[in-house]
Amino acid sequence: MPQFVDIETPYSARTEGELRRNIRYARACVRDSILKGEFPFASHLFYTQSGILDDNIQEERDRGIMAGKEIISHLKATTAVYTDLGTSKGMQLGINLAKEQGRNIDYRTLGKDWDAEFSKHERSHSHNNVW
């Protein structure tokens, strides 16, 4: 039976280029989870969209993180921690919450060629220039 999955990837970044990379990586991880037959949720891709919450304002960042984790706790989701780019403080918070709630944690990687592989899907996607 397919399962709900809480996607943990780095989001916060020091530069715009690093942020773009982190967003692309999170999207690639969501794609990977869907292709595994799972139902993924990545609150850091949803709540940080323009006009929703600003990740650079700590109070808004905290609200977004906690809103996502509250949803996940009700779904009894597995936490999928994608580690190709390391483990951020936000990811560690998600790991700790999963442990406290007794949820499964699955550490994953996309592999060293994740960027090139994901680029193929981006270029051919019908909404490529929208997002």
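How many nonpolar, polar and charged residues are in the lining of the second largest pocket? By class, this lining holds six nonpolar, six polar and five charged residues. The model behind these values is a predicted one.

Let's stay with that pocket for a moment. Its space comes to about 270 Å³, and 17 residues line the second largest pocket. Nearest its centre lie Pro10, Ser12, Glu18, Ser88 and Lys89. Three helices each supply at least two residues of the lining, and they are tabulated here.

| Helix | Residues | Share of the pocket lining |
|---|---|---|
| Helix 1 | 16-35 | at least two residues |
| Helix 3 | 58-75 | at least two residues |
| Helix 4 | 89-100 | at least two residues |

Now to the aromatic rings. The count comes to three aromatic pairs. One of them joins Tyr25 and Trp114: the ring centres are 5.0 Å apart and the planes stand at 75°, over the 60 degrees cut-off, so this pair is edge-to-face. Tyr25 belongs to helix 1 and Trp114 to helix 5 (residues 114-124), so the pair links distant parts of the chain, with the two positions 89 residues apart in numbering. Both Tyr25 and Trp114 are buried.

A backbone detail comes last. Lys76 is not a glycine, yet its phi is positive, at about 55°. This residue sits in the loop between helix 3 and strand 3 (78-82). With a relative accessible area of 68%, which is over the 50% cut-off, Lys76 counts as exposed.

Definitions and conventions:
Residues numbered from 1 in each chain as written. Predicted model: local features only at pLDDT ≥ 70, side-chain atom pairs only at ≥ 80, totals over all residues. Heavy atoms only, no water. 1 Å grid on protein atoms, 1.4 Å probe; cavity = no way out; pocket = protein on both sides within 12 Å on 5 of 7 lines; lining within 4 Å. Points joined across faces, edges and corners; volume = space filled by probe spheres on them. Helix = DSSP H or I, 4+ residues; strand = E, 2+ residues; numbered from the N terminus. Nonpolar A, V, L, I, M, F, W, Y, C, P; charged D, E, K, R; others polar. Phe/Tyr/Trp six-rings, centres within 6.5 Å; stacked < 30°, edge-to-face > 60°. Buried < 20%, exposed > 50% of the residue type's maximum accessible area, 1.4 Å probe, protein only.
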